[in-house]
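This report goes through selected features of one structure. It takes up charged side-chain pairs, then a sheet and a helix that packs on it.

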Amino acid sequence: MSEDFATKHWPIEIRVKTEEKRLEIDFDNGEGISIPAELLRVESPSAEVQGHGPNQKTTVAGRRHVNIIGVEPVGNYAVRIRFDDLHDTGLFSWRYLYELGSGQDRLWEDYLTRLEEQGLSREP
C-alpha cells in the first residue's frame, strides 16, 4: 500500500450531516472530526485540485454552498465523496481525512488567503 494511504487511525463511524454540510468521522483512537463539505471539496485529493505534481494546486472558488450527496467506500483504506457540484474524483484516504480534520483551522486560513490573493470568492 502506498504511503499516501497508510493510516494509524481507523474510522469506526462516518456520518454525512446534510443539513450542516459536514462529514463527521469517529476514529478508533477516540477522536472525532467534523469537516465542512466546502473544505473537503476545495482540498480534494483529485488531480483536478491538487494537480499532477508539486506547486500545481488549483484554488477552487465558489464552493461556499457545496454539499455532500454520497460517500462510497474504496477498499478498506479510503472513500470517494460525491459533491452536489458533481465533483467525485479523488480518493480520500483515512489518513488524509484525519489530517484534514486535525489541520482544518490552518487549511481554512490558507484557503481564504489564496482566494483573497487571487481575487476569488467563496460565493458561486
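A salt bridge is counted when a side-chain nitrogen of Lys or Arg lies within 4 Å of a carboxyl oxygen of Asp or Glu. The model is a predicted one: local features need pLDDT of at least 70 and side-chain atom pairs count only at pLDDT 80 or more, while totals for chains, interfaces and linings use all residues. Residues are numbered from 1 along each chain as its sequence is written, and side-chain values use heavy atoms, with hydrogens and water left out.

**Salt bridges**

The whole structure holds 13 salt bridges. Three of them are listed here, with the distance between N and O.

| Pair | N to O distance |
|---|---|
| Arg 15 and Asp 26 | 2.9 Å |
| Glu 38 and Arg 122 | 2.6 Å |
| Arg 95 and Glu 99 | 3.1 Å |

Asp 26 forms its salt bridge with Arg 15. Asp 26 belongs to strand β2 and Arg 15 to strand β1, so this pair ties together parts 11 residues apart in sequence. Helices (H or I, at least four residues) and strands (E, at least two) are DSSP runs, numbered from the N terminus. Relative accessible area is graded as buried (under 20%), exposed (over 50%) or partly exposed (in between), using a 1.4 Å probe and protein chains only. Asp 26 is partly exposed at 24%, and Arg 15 is partly exposed at 22%.

Arg 95 and Glu 99 are 4 residues apart in helix α3, which separates them by about one helical turn. Arg 95 is partly exposed at 27%, as is Glu 99 at 42%. Elsewhere, Glu 13, Arg 15, Glu 24 and Asp 26 are joined into one network by salt bridges that share partners.

**Glu 38**

Glu 38 lies in helix α1, residues 37-42, and is buried at a relative accessible area of 5%. Its salt-bridge partner, Arg 122, is buried too. Contact means heavy atoms within 4.5 Å. Leaving out residues up to four places away in sequence, Glu 38 touches six side partners by name: Arg 63, Arg 64, Val 66, Trp 108, Tyr 111 and Arg 122.

**The sheet**

Strands pair if DSSP finds at least two bridges between them. An open sheet is formed by 3 strands in the order β1-β2-β3, with antiparallel pairing. β1 (11-17) and β3 (32-36) stand at the edges with a single partner strand each, so one side of each has no neighbour in the sheet. Between β1 and β2 (residues 22-27) there are 6 bridges; Pro 11 has Phe 27 in β2 as its bridge partner.
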